[in-house]
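Student: I have a model open and would like to go through its packing, its charged pairs and its backbone. Could you walk me through it?
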Amino acid sequence: MLRIAVPNKGSLSGPAAEMLHEAGYRQRKDPKELVLVDPGNQVEFFFLRPRDIAVYVGSGRLDVGITGRDLLLDSASDAEEVLALGFSGSTFRFAKPVGLEVGDVQDLEGLRIATSYTGLVEQHLAEQGVKATVTKLDGAVETAVQLGVADVIADVVETGTSLRNAGLEVFGEPILISDAVVIRPKGAGEDSRVEQFMRRLQGVLVARRYVLMDYDIRAENVGKAVALTPGLESPTVSPLHTEGWVAVRSMVLRKEAQQIMDDLWGIGARAILVTNIHACRL
């Protein structure tokens with residue numbers, strides 16, 4: 001069986017379970033379940049702490065896993081990213097007390113930095129040639145400055161509300177832009193089971209990005225219509241019973257669908273329909 005690590009809680013857990021469900025896999029009904037076997041798909045899911053997943057996958061004990069890019073890089077494990085999943089996005093940044101004269105990473109020389117991601121911060125500082133003291137904290141990093149443990153912090157920033165409430169502000173360039181990713185052990189060979197798993201997830205990603213558009217248009221305007229809806233390979237064009245008219249079917253980006261419908265209407269297309277794509281293989 002293919003052994004897959006899945007986040008058991010936190011912001012990664014729900015979206016990961018939803019994507020796996022859309023990909024046709026069983027998912028647990030009881031949040032206390034630690035292992036779930038899906039015999040129909042020959043898969044065994046292990047529900048683990050998101051921070052531990054990269055370690056298990058990097059050790060080779062598990063074949064593949066879903067975790068955050070930030071957690072993968074912080075772990076320094078022998079695992080690598082193979083697919084970005086596009087959810088649970090976040091930005092990892094430095095933050096300082098308002099009024100502290102620190103403008104970029106070079107100004108951190110000799111300062112104390114508190115973070116839950118020591119591996120990621122130390123690697124970033126080393127790349128920039130900056131020497132600073134990095135202290136590991138688990139949670140509530142925002143209070144480190146107020147309590148005198150650190151001069152600045154490095155943490156995941158979403159809205160920035162918690163930082164402002166603690167009298168902090170971000171500075172400098174982001175350390176990392178993170179989102180959910182699929183990981184595998186470094187150097188892992190070809191595996192048809194993993195390839196099938198990846199195709200399923202890629203199918204979900206495409207289905208979320210695209211919709212299927214159908215419309216009727218006069219034959220002499222097909223060229224203009226196809227320019228608006230070129231599809232992935234090319235659109236399907238079929239003659240209609242009414243002479244001089246054809247039916248066109250094409251995949252278009254979901255975010256552009258409304259504008260494309262307006263443009264098609266403007267060149268004479270009628271009976272324009274948009275349908276969700278539930279699954280695909282491309």
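Tutor: Let us begin with a helix pair, keeping in mind that this is a predicted model. H1 and H6 are roughly perpendicular to each other, because their angle of about 100° falls in the range of 65 to 115 degrees that counts as such.

Student: How far apart are the axes of H1 and H6?
Tutor: The axes of helix H1, residues 13-22, and helix H6, residues 192-209, are 9 Å apart.

Student: And which residues actually meet there?
Tutor: From H1 the contact takes in Glu 18, Met 19, Leu 20 and Glu 22, and from H6 it takes in Phe 197, Leu 201, Val 204, Leu 205 and Arg 208. Sorted by class, the contact of H1 with H6 holds six nonpolar and three charged residues, with no polar ones.

Student: OK, on to the hydrophobic side. How many residues are in the largest nonpolar core?
Tutor: That core has 44 residues, and Leu 85, Phe 94 and Leu 108 are those with the most contacts inside it. Helix H6 supplies the largest share of this core, namely six residues. As background, nonpolar side chains in soluble globular proteins tend to be buried together.

Student: What does Leu 108 touch?
Tutor: Leaving aside residues up to four places away in sequence, Leu 108 touches Phe 94, Val 102, Ile 113, Leu 125, Val 130, Lys 131, Ala 132, Val 152 and Phe 171. Apart from the largest core lies another one, of 14 residues, including Val 211, Val 222, Val 248 and Ala 269.

Student: Switching to electrostatics: how many salt bridges does a search of the whole structure find?
Tutor: The search finds 13 salt bridges. One of them pairs Arg 51 with Asp 74, with the closest N and O atoms 2.9 Å apart. This pair links distant parts of the chain, since Arg 51 sits in helix H2 (residues 50-58) and Asp 74 in helix H3 (residues 69-75), 23 residues apart.

Student: Is Asp 74 buried or exposed?
Tutor: Asp 74 counts as buried, because its relative accessibility is 11%, while Arg 51, at 23%, counts as partly exposed.

Student: What does Arg 69 in helix H3 pair with?
Tutor: The side chain of Arg 69 meets that of Asp 179 in a salt bridge, at 3.0 Å from N to O. These two are 110 residues apart, with Asp 179 in the loop between strand S10 (168-178) and strand S11 (180-185). Asp 179 counts as buried at 14% relative accessibility, and Arg 69 counts as buried at 16%. Elsewhere, Asp 63, Asp 191 and Arg 193 are joined into one network by salt bridges that share partners.

Student: What about Asp 52 and Arg 49, how far apart are their closest N and O atoms?
Tutor: Those atoms are 3.9 Å apart, and the pair counts as a salt bridge because the cut-off is within 4 Å. Asp 52 is partly exposed at 26% relative accessibility, and Arg 49 is partly exposed at 43%.

Student: Last topic, the backbone. What is phi of Gln 42?
Tutor: Phi of Gln 42 is near 55°, which is a positive value in a residue other than glycine. Gln 42 lies in the loop between strand S2 (35-38) and strand S3 (43-48), and its 45% relative accessibility makes it partly exposed.

Student: And where is Ala 271?
Tutor: Ala 271 is in strand S15, residues 270-276. Ala 271 has a positive phi of about 55° although it is not a glycine, and it counts as partly exposed at 49% relative accessibility.

Notes
Residues are numbered from 1 along each chain as its sequence is written. This is a predicted model: local features need pLDDT of at least 70, side-chain atom pairs count only at pLDDT 80 or more; totals for chains, interfaces and linings use all residues. Side-chain values use heavy atoms; hydrogens and water are left out. Axes are lines fitted to C-alpha atoms, for helices over the stretch in contact, and angles run from 0 to 180 degrees between N-to-C directions. Helices (H or I, at least four residues) and strands (E, at least two) are DSSP runs, numbered from the N terminus. Angles under 35 degrees count as roughly parallel, over 145 as roughly antiparallel, 65 to 115 as roughly perpendicular and the rest as oblique. Contact means heavy atoms within 4.5 Å. Ala, Val, Leu, Ile, Met, Phe, Trp, Tyr, Cys and Pro count as nonpolar, Asp, Glu, Lys and Arg as charged, and the others, Gly among them, as polar. Buried means under 20% relative accessible area, exposed over 50%, partly exposed in between (1.4 Å probe, protein chains only). A nonpolar core is a set of buried Ala, Val, Leu, Ile, Met, Phe, Trp, Tyr and Cys residues joined through side-chain atoms within 4.5 Å.
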